[in-house]
Amino acid sequence: MITFIVHLRVNPEDASAFEALMSHVAAMTHEHEPGVAYYEFAKSVDEPDTYVIVEVYQNVEVHAAHMASAWVRESLPVSARLIQGRPHIRQYVRPGSDPVRRRIFPVPQP
């Protein structure tokens, strides 16, 4: 199992758009990706512009398929414009599992 925990900050004026985008990605992931054990996002109670995304994949192949899906490919450049800076991404693996070696997150364009 591979787990990603992503913390990011969203511009306050973009919160609704970000939440709608993430709700769409989560729904598509739940509906079309049985190898994704968990995929959800939440908003911080203490820091209203901060969100967390928790993703759990069975293996690197499932993660690669997720990243190649249309909804993820289309969402990444949009989400990059809605957040402040780069996301803080941490990867955790069950002992004996292979980690994801390559992660891509687009840099927002001015």
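Contact is taken here to mean heavy atoms within 4.5 Å. In this predicted model, and with neighbours within four places in sequence left aside, His-63 is in contact with Phe-4, Tyr-57 and Val-100. The histidine is found in helix H2, which covers residues 60-68. Because its relative accessibility is 6%, and buried means under 20% relative accessible area, His-63 counts as buried.

Tyr-57, one of the contacts of His-63, also belongs to the largest nonpolar core, a set of 24 residues in which Leu-8, Phe-18, Tyr-39, Ile-53 and Tyr-57 touch the most other members. At least two residues of this core are supplied by each of strand E1 (2-10), helix H1 (15-32), strand E2 (36-43), strand E3 (50-57), helix H3 (70-82) and strand E4 (83-93). The element that gives the most to the core is H1, with six residues. In soluble globular proteins, nonpolar side chains tend to be buried together.

Phe-18, listed among the core residues that touch the most other members, counts as buried at 1% relative accessibility. Leaving aside its neighbours within four places in sequence, Phe-18 is in contact with Leu-8, Val-10, Tyr-51, Ile-53, Leu-82 and Ile-83, and two of these partners, Leu-8 and Ile-53, are themselves listed with Phe-18 among the residues touching the most other core members.

The structure holds three aromatic pairs. In one of them, Phe-18 and Phe-41 are arranged edge-to-face, with 6.4 Å from centre to centre and 85° between the planes. This pair links distant parts of the chain, since Phe-18 lies in helix H1 and Phe-41 in strand E2, 23 residues apart. Whereas Phe-18 is buried at 1% relative accessibility, Phe-41 is partly exposed, with a relative accessible area of 22%. Together with Tyr-51, the two phenylalanines Phe-18 and Phe-41 form one aromatic cluster.

Helix H3, which is also among the contributors to the core, has 13 residues and reaches 19 Å from its first C-alpha to its last, close to the 18 Å expected at 1.5 Å a residue. A bend of about 35° is found in H3 at Leu-76, and a proline, Pro-77, follows within four residues. The buried residues of H3 are Trp-71, Val-72, Ser-75, Leu-76, Ser-79, Ala-80 and Leu-82, so that the site of the bend, Leu-76, is itself buried. The packing partners of the buried residues of H3 are E1, H1, H2 and E4; of the H3 residues, Leu-82 is in contact with Phe-18.

Methods. Residues are numbered from 1 along each chain as its sequence is written. This is a predicted model: local features need pLDDT of at least 70, side-chain atom pairs count only at pLDDT 80 or more; totals for chains, interfaces and linings use all residues. Side-chain values use heavy atoms; hydrogens and water are left out. Buried means under 20% relative accessible area, exposed over 50%, partly exposed in between (1.4 Å probe, protein chains only). A nonpolar core is a set of buried Ala, Val, Leu, Ile, Met, Phe, Trp, Tyr and Cys residues joined through side-chain atoms within 4.5 Å. Rings of Phe, Tyr and Trp (its six-membered ring) pair if their centres lie within 6.5 Å; planes under 30 degrees apart count as stacked, over 60 as edge-to-face and the rest as tilted. The expected span of a helix is 1.5 Å times one less than its number of residues. The bend at a residue is the angle between axes fitted to the seven residues ending there and the seven starting there.
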